[in-house]
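Thanks for making the time this morning. I would like to walk you through one model, taking its sheets, a few side-chain details and its cavities in turn.

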Amino acid sequence: MQFLYPQFLWALLALAIPIIIHLFYFRRFKKVYFTNVKFLKEIKEETSARRKLKNFLTLLMRLLAFVALILAFAQPFLPQDTVVKKGDKAVSIYIDNSFSMSALSEDVPLMEKARQRAREIVEAYAVEDRFQIITSDFEGRHQRLVSKEDALTLIDEIKISPAVRALSKVLNRQIQTLNTATSENKVSYIISDFQKNITDLKDFRDTTLELNLLPLQSVQEKNISLDSAWFEAPVQMINQTNTLLVKVKNHSDEPADNIRLTIKQDGQIKPVGTLSIPANTSVTDSINLTILRTGWQEATLSITDYPVQFDDKFYFTYNVAEEINILVINDGISNKYLNSAFKGLSYFKIKNQSANQIDYAGLSANQLIILKDIKSISSGLGFELGQYVRNGGNLLVFPAAGANLDSYRSFLNGVQANELQAYESTSREVSVINTEEFIFQDVFENISRNIKLPVTQGNFKVSQFGSRQEERLLTYRDGGSYLGKYALEKGHLYLCAAPLDESVNNLVRSGEIFIPMLYKMAISSAKDQRIAYTIGKDEVLETDNRITESEMVYKIKGTQEEFIPQQKAIGPSMVLGINNQIKEAGFYQLYLDPAEPLAFYGFNFDRRESELAYLNEDMLASSVGKLANVIKSQSLASLTPLIGDRSRGVSFWRWCLIAALLFLLIETLLLRLWKV
């Protein structure tokens with residue numbers, strides 16, 4: 001037995017009051033008139049005994065009434081399995097409102113059950129306590145402590161949301177808000193279905209916070225999800241067939257058969273086929289798309305699955321450029337082999353410029369720049385080419401035989417590439433093709449022994465700095481690098497160890513190598529060529545900076561919403577922040593003028609909710625150990641009494657008041673009805 005306010009026990013000294021009343025009141029003598037003294041002794045003895053008993057019982061009732069009243073003020077209780085904390089409390093309640101909470105429990109959806117449990121928790125605390133109600137949306141209005149009445153109102157407003165949060169991040173948010181409270185008693189509740197992929201509370205260590213976990217369990221359901229999709233080639237070109245790879249996942253313990261996959265494009269729905277997916281695995285299917293027009297295009301993949309349907313559609317977009325621009329920078333003499341390589345393909349547009357007459361402003365408009373046999377790279381040209389590569393361009397460098405090595409080394413060091421060493425007029429043969437890398441991947445069905453590989457009569461040896469991270473595409477027989485690739489931020493640098501001059505390098509006569517190499521360098525990209533984005537993640541979009549006036553702003557528009565994204569200009573690019581402003585899956589347009597959309601984006605719900613694997617009460621208790629209290633509430637009609645007992649112990653003050661009134665009633669009955 002413990003007392004919430006033990007200082008009231010000093011009032012037990014007041015028990016002297018009824019004793020004093022008893023001594024002074026019941027010792028007063030009372031006149032008794034009688035006519036016959038015969039029975040005087042007998043009456044006196046009988047009356048004295050009954051009066052003593054009555055007086056003793058009256059005193060006892062008064063003492064017990066005072067004791068019960070004092071104990072009621074001291075508030076005795078029996079502590080439960082948690083330490084009872086005195087004073088006001090700051091209570092944070094997280095209600096998981098992600099898609100998985102729309103599943104059914106035995107009687108109602110988990111979301112409704114979670115709201116009900118949250119109300120019961122709030123009702124269990126006192127009016128003077130303060131509350132935070134937080135959901136997966138991480139709304140600003142949920143980052144403060146409110147009254148009991150306001151907390152109940154916020155609970156009623158909670159709805160299902162596409163947002164998904166790891167529970168460690170939720171707990172950090174709760175702690176941030178609770179630390180703003182003046183109360184030292186901080187309590188956290190997490191109400192969730194505790195999916196395995198979001199439950200990461202093992203590293204929680206905070207002895208100042210009482211953490212309570214309230215798991216809710218749904219009826220076990222099956223689920224098939226459209227996990228993701230991507231193009232096999234990084235660039236889509238008109239009149240070309242590109243392979244779209246689609247990943248479909250089975251999240252249940254049973255195999256799934258006859259899962260229909262369809263694609264909607266240009267307003268037409270086309271069946272792709274049916275899939276059979278083993279239990280707890282995924283399969284990847286391929287769709288051959290023939291690109292028939294240029295510009296931005298939208299497409300939707302769909303499967304048929306029930307009852308979990310939020311992950312049955314996958315929205316994606318892609319842009320088909322009208323042409324691919326190639327710029328060749330030379331010393332004033334164009335190369336007929338480069339011109340001929342792209343001349344037969346109308347999709348490619350090649351342009352030659354002298355190193356002394358370069359339009360720096362137009363460099364970014366080219367998908368590939370070829371630096372052909374330039375003897376010296378000026379600091380200005382080197383800086384612009386470095387920026388071009390960093391912003392996503394592709395640069396192919398053929399050094400001149402009489403190159404100024406200092407200027408080349410300065411440029412190559414600036415783009416984190418290996419250095420060129422002294423030029424040697426020795427014959428070297430290429431013997432190895434890296435067919436694992438994109439440039440030569442899928443180019444050769446079968447590499448023939450008779451394939452004509454480049455041979456050079458003059459070349460530069462290339463340093464081999466480990467920090468430069470060169471990826472060799474073509475390698476000499478002696479192990480030296482002939483053609484190396486370097487990734488630099490968003491772009492690629494390709495460095496050849498020999499000039500393109502036909503007199504020292506026969507690469508231009510090796511059509512099996514030269515033509516596909518140029519073609520795939522032009523369409524390759526290190527940019528994040530994403531065709532889809534995920535709602536709820538900190539997604540960042542990037543587009544060209546087309547703002548010419550200070551009043552102009554980019555806007556993003558969907559079918560039901562329109563907003564202004566966060567905007568930051570970085571050189572020729574504009575970076576746009578979404579900041580959780582997109583709530584519905586679908587297609588969204590970026591524009592400055594509503595009549596001229598600049599880009600299209602496909603946004604999809606987070607697929608983490610597709611994994612229907614949960615931690616039950618026992619698994620959760622085993623996982624967190626003594627770090628948190630797991631409240632097993634499945635069989636409880638209401639949490640209010642349980643939370644009240646856990647926060648205040650089993651309280652007896654009401655019973656003490658009832659006992660005090662009962663003792664006073666007995667005293668009254670003794671005085672009124674017992675005639676001595």
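Before I come to the sheets, a word on pairing: two strands are taken to pair if DSSP finds at least two bridges between them. The strands themselves (E, at least two residues), like the helices (H or I, at least four residues), are DSSP runs, numbered from the N terminus. What you have on the screen is a predicted model, in which local features need pLDDT of at least 70 and side-chain atom pairs count only at pLDDT 80 or more, while totals for chains, interfaces and linings use all residues. Residues are numbered from 1 along each chain as its sequence is written, and side-chain values use heavy atoms, with hydrogens and water left out.

Let me begin with the mixed sheet. Its 5 strands form an open sheet with mixed pairing, in the order β25-β32-β31-β27-β28. Because β25 (533-534) and β28 (562-563), at the edges, each have a single partner strand, one side of each is left without a neighbour in the sheet. Further in, β27 (residues 555-557) pairs with β31 in the antiparallel sense over 3 bridges, and here lysine 555 stands opposite tyrosine 591 of β31. Strand β31 (residues 586-593) also runs antiparallel to β32 (residues 596-604), to which 7 bridges join it, and the connection from β31 to β32 is a hairpin through 2 residues. Along that pair, glycine 586 stands opposite phenylalanine 603 in β32, and tyrosine 588 is opposite tyrosine 601.

The other sheet I want to show is parallel. It is an open sheet of 5 strands, ordered β4-β3-β5-β6-β33, and β4 (130-135) and β33 (629-630) are its edge strands, each pairing on one side only. Between β3 (residues 89-95) and β4 there are 6 bridges in the parallel sense, with isoleucine 93 having isoleucine 133 in β4 as its bridge partner. Helix α5 (residues 167-178) packs on this sheet and touches β3, β4, β5 (185-192) and β6 (209-215), where contact means heavy atoms within 4.5 Å. The direction of α5 makes about 155 degrees with that of β3; the axes are lines fitted to C-alpha atoms, for helices over the stretch in contact, and angles run from 0 to 180 degrees between N-to-C directions.

Turning to single residues, arginine 390 lies in helix α7 (residues 379-390). Its side chain reaches the backbone oxygen of glycine 414 at 2.8 Å. Leaving aside neighbours within four places in sequence, arginine 390 is in contact with Gly414, Leu488, Glu489, Lys490 and Gly491.

Most residues other than glycine have a negative phi. Aspartate 266, however, has a positive phi of about 55 degrees, and it lies in the loop between β9 (256-265) and β10 (268-277). For aspartate 373, phi is near 50 degrees, again positive, but this residue is found in strand β16 (residues 368-374).

Finally, the cavities: on a 1 Å grid over the protein atoms alone, a cavity is a set of points where a 1.4 Å probe fits but cannot get out, and lining residues have an atom within 4 Å of a point. The structure holds 4 cavities of 30 Å³ or more, and the largest has a volume of about 70 Å³, a volume being the space filled by probe spheres set on the points, which are joined across faces, edges and corners. Residues lining the largest cavity include Asp137, Arg165, Ile535 and Lys583.

Note on methods: A polar contact is a pair of N or O atoms within 3.5 Å; within protein, one must be able to donate a hydrogen and the other to accept it, and residues adjacent in sequence count only if both atoms are side-chain atoms. On a 1 Å grid over the protein atoms alone, a cavity is a set of points where a 1.4 Å probe fits but cannot get out, and a pocket is an open set with protein on both sides within 12 Å along at least five of seven lines; lining residues have an atom within 4 Å of a point.
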